[in-house]
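This report covers the smaller points of fold and the chain contacts of one model. The sequence and structure come next.

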Amino acid sequence: MNVITVLLIVLAIYVVAYILYGRTLLERQVVKADPKRLTPAFEKFDGVDYVPANKYVLYGHHFASIAGAGPIVGPAAAMVWGWSLPLVWVLFGNIFIGAVHDYLSIMSSVRHGGISIMSISENVMGRLARYIFLAYVWFALILVLAAFLSVNASLYVATPTAATLAILYMVIALVFGVFVYRYGVSIRVASLIALVLIILAFIYSMNVPTVLKYGDWIIVLALYAILAAALPVWYLLQPRDYLSAYILWAFVALAIIGGLLAFTTGFTLPTYTSFAAPGAVIGAVAGTPPATAKIAYFWPMVPLVIACGALSGFRSVVGSGTTSKQLSNELDALFVGYGAMLTEGAVSSLAVIIPIAVAWNFAALEAATGAPVAQTLLNVANIDVAKTPTLGGLAPAARFAVGYGLLQALAWSKVLGPQTFEALFALFRMFATWALTVFVLTTLDTANRLARFAWTEFFDWLRPRSEPAYKVIANRWVASIVAVLFGAILAYPEIYVPELGKSFPAYTVVWPAFAGTNQLLAALALLTGALWVYLLLNIRGWRALLVMAPALFLWITVTLALALWILLIVPYLPLLYKVGAGTVVVVSLVLDILLIALFVRALLIVRRAV
Amino acid sequence: MQTRELLGLIITIAALLLMAYATLYVGLLSRKIDDMNAWLYSVAWLLLLVGPWLWMGTVPGALRKFVEARTGRRLG
């Protein structure tokens, strides 16, 4: 099978899914979106969090808040199963689970005044469910904050030019927002100027690194996260995410054009390798028996590897947190929620899985295309194909950048001439790395804004009891500082792990549990959405089943995967990880069982009433 | 001009000067922003987040009018 066949099949599936499953079923028959109904952005307009946004701006926001390493690193790692199984999971998960989960999170929140999916659970599963859910999400967000503070700081230490670019990009977005909103400059003109400035900033940054130590970056980024999460959305978040959408589209469009240009190229990675991959892919520590044992069964383990490309619980928190508060028309939700999730899947399938499947075996690729692959890899990326014969020898992030760079170079050198292959590879590899890093900072401040919302909603019981105390606790600066403080405490200090003979940031002790808890959150959010459809929208029959069945399938898959993870991986983790990550997963599973019990109880109550 | 706006204006000017110093003078001259200059660059960035916001108020007039037109009620 060649690139163009797979590419066209994938594109056709996305178009059909958007029109039939998204628009016809979800928007028109299930949710019955109404353009005349005022959204919370208008009803509760406060100029800070509740602010109506253009649908393209919001699409950029909904995508960029999560799309950092998520849709890229996971599918790149999952290629150990061959390319067909990860592609099938991305398509299936994307269309029937992830995009539905995003759309229902947004719409249920919009119909409930912009509150989070966690708080909506009170209406369908009771008050206890709401507080369990809110606490669960707040702690998960602390973990996200810690991880992204650390990832950002490490990234800027390792690639100081990325720090220069990230700061300049933010300043350009801010100036763009001020000119558009404050001085009424046309969006078209302002966008053009901003894009030129971004290109100049890119060129400047490649030559001027900004050098600070890891700990110093943690301090700077923590201050940034506090400020950015408390400032009005129209001021920084909306203009920045609008500009980010251009980068995203350029990234996906290039992947599609590259695939079309390189249409005759075949795949050098087998379609299917094995149903059980080595345990390293699901977090087994290198050097321990499970790392090489074939225990990573594609089902049910795949959600622990591929997250955002197919589905992610964090997206429900974004959808019912920042996105729903900015939606200006109910009809925009399909494009923003369902559409952004499909785009994320397109990044995974078209820009990650296909290029890696093409470029997997360097010698085979060189033999099939005649391009100087080995020499180029040595000259540009310092990769010796004698020692590293396949992309499997590289870490997932590097695997993606090299794969994307090689496919683009193959495609464009057909147009520009074979002598340009090496220069094109260098350019597109750099572009891929930049696309990977540009959204990381965005996730940091969105996570803090969401932690602030969860914190505020968690303490609403205090309001009728003591308004002044509630005002202090729910103050947006207080709520922002508390979350970042906990995140920084987990990201700043390093802990020595004797079994591995190295020091790591403190948060890494619990981080291996994050993939599972994030997917569990997705299952719970989708169950809440399904229950919302069934109980409150009163949808019955096959339409309700089309939402309920994937939700239950996901819940069973993730619960089973986490149980297996506890049995197969945890016993071999270093002691600190065993205590940290092991505890998080066990607690998550207990909450999971409790919430599913509340879910079943809610269904039984309705059945009895009927 | 209110105190808040004046403070915002001063912070914005200071931030722009620091940013220009770090990027145009230090960056172009030494091809690297490090040590104290890296701190200045970072502080300029953080100040730029706060300065214009304090200076120009919270809600742009155009946005306010848009919401008023859609909801049919005057915002306080």
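## Chain B

From the N terminus, chain B runs α-β-α-α, with helices (DSSP H or I, at least four residues) and strands (E, at least two) numbered from that end. The model is predicted: local features need pLDDT of at least 70, side-chain atom pairs count only at pLDDT 80 or more, and totals for chains, interfaces and linings use all residues. Residues are numbered from 1 along each chain as its sequence is written, and chains are lettered from A and ligands numbered from 1 in the order in which they are written.

The radius of gyration of chain B, taken over C-alpha atoms, is 18 Å, against near 11 Å for a compact globule of 76 residues. The globule rule is 2.2 Å times the number of residues to the power 0.38.

## Interface with chain A

In chain B, 26 residues are in contact with 31 residues of chain A; contact requires C-beta atoms, placed from the backbone, within 7 Å. Helix 2 of chain B supplies the largest share of its side, 11 residues.

Strand 1 of chain A (residues 210-211) and strand 1 of chain B run parallel and are joined by two bridges, where pairing takes at least two DSSP bridges. Thr210(A) has Ile33(B) as its bridge partner.

## Surroundings of Leu145(A)

Leaving out residues up to four places away in sequence, Leu145(A) touches Ala225(A), Ala447(A), Asn448(A), Ala451(A), Ala483(A), Val484(A) and Gly487(A).

Terms used. Contact = placed C-beta atoms within 7 Å.
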